[in-house]
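Subject: Structure handover

Hello,

Here is the structure I said I would pass on. Please have the sequence and the coordinates open while you read the notes below it.

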Amino acid sequence: YIAPPVVESITPNKGPTAGGTPVNIKGKGFLEGATVTIGAGATEVNVVNSEEITAVTPVGSGAPEVVVSDAGGPSTLGPTYTYIAPPTVETKPATAITQTMATLNVTVNPNGDEVTECKLEYGTTTAYGKTAPCAPAPGSGASPVEVHAEVTGLTADAAYHFRISATNGGGTSEGADETLNTLPNAPTVETKPASAIAQTTATLNA
């Protein structure tokens, strides 16, 4: 009689919903030919020894139990693995546009995991080339947060592209491309002395 395996831990214990995360599973009673299920069947399963298995997570969601199955049957009451969705982002129209400045606006939903990087990419082409950090930081909530970046040093009367890029434990999301046009420079003017001045008429020069 062969006892079912026991799963004690999985490292790391969370990763992106897209899967593809290498994990290390520790426990007891692992036999050659064992399979691993983390919501769905894991890939690249390798039984290192009776107490260790390496594998790669499948596509998944939620927090399913980590199950190892072999000739002794499936494990039970094991640890869970949490699938993390990448941030949900939306690029909004720019505001406060002048000849050389603009406020870039976006929303970021961290989807329950800490956003470790949030930036606005901008430039005169869709290659962008420049970045500005989000303010305020989106945090780790589960609702959309309005953030922005004030960019300076722009060229007057020019078209700029921009988008949001945000990263959490589930991966990186990039928003749709938005555009803005900076204002043209104001006319250069000079008031000159009046001429042809009479009792009731005058020519104003500039």
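D157 is a convenient place to start: its relative accessibility is 58%, and the cut-off for exposed is over 50%, so D157 counts as exposed. Please keep in mind throughout that this is a predicted model.

Backbone exceptions

D157 sits in the loop that links β15 to β16. Its phi is near 55°, which is a positive value in a residue other than glycine. L77 is another non-glycine residue with a positive phi, in this case about 55°. The loop that holds L77 runs between β9 (73–74) and β10 (82–84). With a relative accessible area of 80%, L77 is exposed. These residues are listed because most residues other than glycine have a negative phi, and most peptide bonds are trans.

On the peptide bonds, the one from T11 to P12 is cis, and its omega is near -10°. P12 belongs to the loop between β1 and β2 (14–16). A cis peptide bond also joins A135 and P136, with omega about -5°. P136 is in the loop between β14 and β15.

Overall shape

What is the secondary structure of the protein chain made of? The count is zero helices and 20 strands. The radius of gyration is 30 Å, whereas the globule rule gives 17 Å for 206 residues; the chain is therefore more spread out than a compact globule. The extents of the C-alpha trace along its principal axes are about 120 × 25 × 20 Å. Of the 206 residues, 38% count as buried. As for contacts between residues at least 6 apart in sequence, 58% of them join residues at least 24 apart.

The four-stranded sheet

One open sheet has four strands, in the order β1-β3-β7-β6, with antiparallel pairing. Its edge strands are β1 (6–11) and β6 (43–49), each of which pairs on one side only. From one strand to the next, the twist averages 20°. Within this sheet, four bridges connect β6 with β7 (residues 52–56) in the antiparallel sense. V47 is found opposite I53 of β7.

The β16–β17 hairpin

Strands β16 and β17 make a hairpin, and two residues lie between them. The two strands, β16 at residues 159–168 and β17 at residues 171–174, run antiparallel and are joined by four bridges. N168 has G171, in β17, as its bridge partner. In general, strands of a sheet pair through backbone hydrogen bonds, either parallel or antiparallel.

The disulfide

How many disulfides does the structure hold? There is one, and it is formed by C118 and C134, with 2.1 Å between the sulfur atoms. The torsion about the S-S bond is about -70°, so this disulfide is left-handed. C118 is in strand β13, while C134 is in the loop between β14 (130–133) and β15 (145–151), so the bond ties together parts that are 16 residues apart in sequence. The same loop, between β14 and β15, is the one that holds P136.

Are the two cysteines buried or exposed? C118 has a relative accessible area of 13%; buried means under 20%, so C118 is buried. C134 likewise counts as buried, at 13% relative accessibility.

E121 and its surroundings

Strand β13 (residues 117–123) also contains E121. The relative accessibility of E121 is 12%, which means that this residue counts as buried. Which side chain does the side chain of E121 meet in a polar contact? The partner is the side chain of R163, at 2.6 Å. Neighbours within four places in sequence aside, the residues in contact with E121 are Y128, K130, T131, H161, F162, R163 and S165.

If you have time for only a few checks, I would look at the E121 to R163 polar contact, the C118 to C134 disulfide, and the cis peptide bonds at T11 to P12 and at A135 to P136.

Regards

Definitions and conventions
Residues are numbered from 1 along each chain as its sequence is written. This is a predicted model: local features need pLDDT of at least 70, side-chain atom pairs count only at pLDDT 80 or more; totals for chains, interfaces and linings use all residues. Side-chain values use heavy atoms; hydrogens and water are left out. Two strands pair if DSSP finds at least two bridges between them. Axes are lines fitted to C-alpha atoms, for helices over the stretch in contact, and angles run from 0 to 180 degrees between N-to-C directions. Buried means under 20% relative accessible area, exposed over 50%, partly exposed in between (1.4 Å probe, protein chains only). A polar contact is a pair of N or O atoms within 3.5 Å; within protein, one must be able to donate a hydrogen and the other to accept it, and residues adjacent in sequence count only if both atoms are side-chain atoms. Contact means heavy atoms within 4.5 Å. A disulfide is a pair of cysteine sulfur atoms within 2.5 Å. The radius of gyration is taken over C-alpha atoms; the globule rule is 2.2 Å times the number of residues to the power 0.38.
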